[in-house]
Amino acid sequence: MSTSKHPVRYPEMEGKIALVTGGTAGIGLATAHAFAREGAIVIIASRNEKRSTAALNSLPENAQATWIQCDVTNGGAVEKLVSSVKKQYGRIDYAFNNAGSGGRMTPVATMSEDSWRKTIDGFLTSVFLCMRHQIPAMLSNDGGVIVNNSSVDGLRGYPFPGGAAYSAAKHGVLGLTRSAALEHAKDGLRVTAICPGWVVTPAVESFVKKNQALGEQIIAQEPIGRLGTPEEVANGVLWLCSDAASFMLGTPLVLDGGYMA
């Protein structure tokens, strides 16, 4: 049983294998913590070893967790990641495809092809590559749950100039999620997504620090009057993975403080 001070909400997760990409900071790290509290065995996948050490050290003392280096925009690296998890643990029960990276944010009319491709590869192709290898791995062990990290920007256009490629990628994540969910609706494999609003992550904090007025605009867009926390999003991810969400597939869970209302 989990040794955390937090109450265990999903006892079915104890001993299960949870893979979190981009799990060294922000929403990914909060989700790794949440899985660990439920007694799951957590595999964090990311590119940076230094950050991974700090992330693993931040988990509860008796958490069962490990790190595997992986660039999720590289198909060979993702195949190796999934193969390594299967070899070591025999299965993958939950996968949170959270990792993402992009090119320079510029308006469509001035965006370079390189920036476009980096953003699409970093936020959309990466999710495809993860699912491409996670799905067969899960089906070989009677199913599992995949949660993809999209965004409210996958539901509408980006609210400031420069985010078109990011928004396009996040729309793509939802199309990919819905289609895969339908392909495997009867296979014991559930595929769904989350759409967070503005959340206090390192990337958002850096974004806001560069422009205080922009930060005020962002807060003004949130009916709840504040940004979300990574922990609040992680709670949604865990619910989607739990048996409590057994009838939930394809349709994304929007976690936005009323932003899209």
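Where is the place of Asp 142? I started my notebook with this residue. The model I am reading is predicted. I found Asp 142 in the loop between α4 and β5.

**Entry 1: Asp 142**

I looked up the backbone angle next. Asp 142 has a positive phi of about 65 degrees, although Asp 142 is not a glycine. Then I asked whether Asp 142 is buried or exposed. Its relative accessibility is 72%, and exposed means over 50%, so Asp 142 counts as exposed.

**Entry 2: Salt bridges**

How many salt bridges does a search of the whole structure find? I got 5. I noted the general idea beside the count. Side chains of opposite charge can pair when their charged atoms come close. I then wrote down some of the pairs.

- Asp 93 and Arg 91 meet through their side chains, with 2.7 Å from N to O. Asp 93 is buried, at 5% relative accessibility. Arg 91 is partly exposed, at 29%.
- Asp 153 pairs with Arg 156, and their closest N and O atoms are 2.1 Å apart. I checked both for burial. Asp 153 is buried, and Arg 156 is buried too.
- Arg 226 and Glu 232 form a salt bridge with 2.7 Å from N to O. Arg 226 is partly exposed, at 34% relative accessibility. Glu 232 is partly exposed as well, with a relative accessible area of 36%.

**Entry 3: The largest pocket**

I turned to empty space. Rolling a probe the size of a water molecule over the atoms shows where empty space is left. The largest pocket has a volume of about 1,500 Å³. I counted 50 residues in its lining. Which of them are the closest to its centre? I listed Gly 100, Ser 101, Phe 123, Thr 201 and Ala 203.

Next I looked up the elements behind this lining. Those that give two or more residues are α1 (26-37), β2 (41-46), α4 (113-139), α5 and α6 (202-209). Which element gives the most? My answer is α6, with 5 residues. I sorted the lining by type. I recorded 21 nonpolar, 22 polar and 7 charged residues.

**Entry 4: The second largest pocket**

The second largest pocket has a volume of about 200 Å³. It is lined by 16 residues. Nearest its centre I found Tyr 94, Gly 144, Val 145, Gly 188 and Asp 243. Two or more lining residues come from β5 (144-149), and the same holds for β6 (189-196). I sorted this lining too. It divides into 4 nonpolar, 6 polar and 6 charged residues.

**Entry 5: Helix α7**

Which residues of helix α7 (residues 212-220) are buried? I noted Leu 214, Gly 215 and Ile 218. They cover an arc of only 105 degrees around the axis, so they sit on the same side of α7. I looked at the other side of α7 as well. There, Gln 212 and Ala 220 are exposed. I also asked what covers the buried residues of α7. The cover includes α6. I had met α6 before, as the element that gives the most to the lining of the largest pocket.

**Entry 6: Thr 106**

I found Thr 106 in the loop between β4 (94-97) and α4. Is Thr 106 buried or exposed? Its relative accessibility is 13%, and buried means under 20%, so Thr 106 counts as buried. I then looked up its contacts, leaving aside neighbours within four places in sequence. Thr 106 is in contact with Met 111, Ser 112 and Gly 162.

**Entry 7: Ala 36 and Leu 182**

I closed with two helix residues. Ala 36 lies in helix α1. Ala 36 is buried, with a relative accessible area of 8%. I looked up Ala 65, which is 29 residues from Ala 36 along the chain. The C-alpha atoms of Ala 36 and Ala 65 are separated by 7.7 Å.

Leu 182 is in helix α5 (residues 164-183). Leu 182 is exposed, with a relative accessible area of 70%. How far apart are Leu 182 and Gly 250 in sequence and in space? I noted 68 residues in sequence. In space, from C-alpha to C-alpha, I noted 7.1 Å.

Terms used. Residues are numbered from 1 along each chain as its sequence is written. This is a predicted model: local features need pLDDT of at least 70, side-chain atom pairs count only at pLDDT 80 or more; totals for chains, interfaces and linings use all residues. Side-chain values use heavy atoms; hydrogens and water are left out. Helices (H or I, at least four residues) and strands (E, at least two) are DSSP runs, numbered from the N terminus. Buried means under 20% relative accessible area, exposed over 50%, partly exposed in between (1.4 Å probe, protein chains only). A salt bridge is a side-chain nitrogen of Lys or Arg within 4 Å of a carboxyl oxygen of Asp or Glu. On a 1 Å grid over the protein atoms alone, a cavity is a set of points where a 1.4 Å probe fits but cannot get out, and a pocket is an open set with protein on both sides within 12 Å along at least five of seven lines; lining residues have an atom within 4 Å of a point. Grid points are joined across faces, edges and corners, and a volume is the space filled by probe spheres set on the points. Ala, Val, Leu, Ile, Met, Phe, Trp, Tyr, Cys and Pro count as nonpolar, Asp, Glu, Lys and Arg as charged, and the others, Gly among them, as polar. The arc is that of the directions from the helix axis to the C-beta atoms. Contact means heavy atoms within 4.5 Å.
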